[in-house]
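Take a look at the sequence and the 3D structure below. Then follow this short report through the chain, one site at a time.

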Amino acid sequence: MFESERFFREAWPAISQAVETSEDASGEVRWILSVAGLAAGARVLDAPCGFGRHSIELARRGFHVTGVDFNETEVGRARAAATAAGVALDLVCADIRDMEFQSAFDLAVNLFSSIGYFSDDEDRLLLDRFWRALVPGGMFVLDTRNRDQVVRSLPAEERRHADDWTLRIENAFDVRTSRWTARWHRLPSGTSGGAARLIGESEIRLYSAHELFAMLRPERWARVDLYGGLDGTPFSLDSPRLVLVARK
């Protein structure tokens with residue numbers, strides 16, 4: 001178990017497709033591949049894969065993709081979406097902390113703020129699992145929120161609009177622990193304040209660039225580069241995203 005497990009099992013499937021888009025995934029995959037320089041038919045690990053938006057984009061380009069996620073609902077959606085897209089995915093329903101791949105992939109990705117839900121020690125061990133999963137020369141891409149930007153710019157409330165409803169997110173950040181807590185509410189379309197249904201609460205440990213560099217253990221990688229987004233944007237303290245690209 002981890003702090004936000006109930007949220008991701010019960011609440012996240014109801015809102016994930018409203019906050020994660022396939023259009024974004026397509027552009028992100030294009031940039032990742034421009035940096036990775038993979039050979040045709042290369043093997044790719046997407047963990048966690050969620051409902052498969054990045055996995056499917058990678059498979060469309062001819063790569064052999066393995067997606068890992070602990071959420072049965074999201075894995076089921078990924079399987080259905082892959083079938084609809086006419087691509088093959090190797091999908092594994094498992095906790096990413098339990099991955100035991102050894103020199104199996106040319107590229108591994110951990111995207112959309114998918115680190116920080118465990119303890120610091122578990123996150124460090126998770127990064128080790130990605131390193132072990134790669135062949136020599138393989139590349140790892142880690143994408144998460146930039147703690148230093150969040151400290152200064154996290155709004156008390158955010159809203160995202162879906163087709164017939166609105167997602168309201170109440171935010172809080174504890175500077176003592178670097179943990180961001182969010183309360184997720186669903187509002188019917190046209191509602192302004194007042195009536196709202198609480199969907200769930202999540203908590204994530206956000207990292208600054210120097211912390212993630214240290215946890216990644218850069219001495220074991222041939223090269224580690226830092227970006228401010230999955231489009232090659234240069235990193236700054238004001239970058240909303242923090243992207244590490246490490247070559248084994």
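Where is Ile115 found? In this predicted model, Ile115 sits in the loop between β4 and α5. Ile115 is buried, because its relative accessible area is 1%. What does Ile115 touch, not counting residues up to four places away in sequence? The list is Asn110, Asp123, Leu126, Leu127, Leu142, Thr144, Ile204 and Arg205. Sequence and space can be compared here too. Ile115 and Val87 are 28 residues apart in sequence, and their C-alpha atoms are 27 Å apart in space.

## The whole chain

Now step back. The protein chain has seven helices and eleven strands. Its C-alpha atoms fill a box of roughly 55 × 45 × 35 Å, taken along the principal axes. A compact globule of 248 residues would have a radius of gyration near 18 Å. The protein chain has 18 Å, so the two values agree.

Buried residues make up 52% of the 248 residues. The accessible surface of the protein chain comes to about 11,200 Å². Carbon and sulfur atoms account for 49% of that surface. Contacts can also be sorted by distance along the sequence. Take those between residues at least 6 apart in sequence: 65% of them join residues at least 24 apart.

## Helix α5

Helix α5 covers residues 120-133, which is 14 residues. At 1.5 Å a residue, α5 should span 20 Å. Its end C-alpha atoms are 20 Å apart, so the model agrees with the expected span.

Which residues of α5 are buried? They are Asp123, Leu126, Leu127, Asp128, Arg129, Phe130 and Ala133. Three of these names, Asp123, Leu126 and Leu127, also appear among the residues that Ile115 touches. What covers the buried residues of α5 includes strands β1 (43-46), β4 (105-110) and β5 (134-145), and helix α7 (209-216).

Asp128 deserves its own look. Asp128 is in helix α5. Asp128 counts as buried because its relative accessibility is 9%, under the 20% cut-off. Which residues does Asp128 touch, not counting residues up to four places away in sequence? They are Arg217 and Arg220. With Arg220 there is also a polar contact, side chain to side chain, at 2.6 Å.

## A site in strand β8

Next comes Ala182. Ala182 is placed in strand β8, residues 179-188. Is Ala182 buried or exposed? Ala182 is buried, because its relative accessible area is 0%. Leaving out residues up to four places away in sequence, Ala182 touches Ile169, Glu170, Asn171, Gly200, Glu201 and Ser202. Ala182 and Asp120 are 62 residues apart along the chain, and their C-alpha atoms are separated by 19 Å.

## Two cysteines

How many disulfides are there? The count comes to zero. Why do Cys49 and Cys93 not form a bond? A disulfide needs two cysteine sulfur atoms within 2.5 Å. The sulfur of Cys49 is 8.9 Å from its closest cysteine sulfur, in Cys93, so the gap is too far for a bond. Seen from the other side, the closest cysteine sulfur to that of Cys93 is in Cys49, at 8.9 Å. Their surroundings can be compared as well. Cys49 counts as buried, because its relative accessibility is 6%. Cys93 counts as partly exposed, because its value is 42%.

## Backbone details

Most residues other than glycine have a negative phi, and most peptide bonds are trans. Some places in this model do otherwise.

The peptide bond from Ala47 to Pro48 is cis, with omega near -5°. Pro48 is in the loop between β1 and α3 (53-60).

Two serines have a positive phi. Ser103 has a phi of about 45°, and Ser178 has a phi near 60°. The table sets them out together.

| Residue | Phi | Loop between | Relative accessibility |
|---|---|---|---|
| Ser103 | about 45° | β3 (90-93) and β4 | 42%, partly exposed |
| Ser178 | near 60° | β7 (165-174) and β8 | 7%, buried |

Ser103 counts as partly exposed because its relative accessibility is 42%. Ser178 is buried because its relative accessible area is 7%.

Conventions. Residues are numbered from 1 along each chain as its sequence is written. This is a predicted model: local features need pLDDT of at least 70, side-chain atom pairs count only at pLDDT 80 or more; totals for chains, interfaces and linings use all residues. Side-chain values use heavy atoms; hydrogens and water are left out. Helices (H or I, at least four residues) and strands (E, at least two) are DSSP runs, numbered from the N terminus. The expected span of a helix is 1.5 Å times one less than its number of residues. Buried means under 20% relative accessible area, exposed over 50%, partly exposed in between (1.4 Å probe, protein chains only). Contact means heavy atoms within 4.5 Å. The radius of gyration is taken over C-alpha atoms; the globule rule is 2.2 Å times the number of residues to the power 0.38. Accessible areas come from the Shrake-Rupley method with a 1.4 Å probe; for residues, only the protein chains shown count as cover. A polar contact is a pair of N or O atoms within 3.5 Å; within protein, one must be able to donate a hydrogen and the other to accept it, and residues adjacent in sequence count only if both atoms are side-chain atoms.
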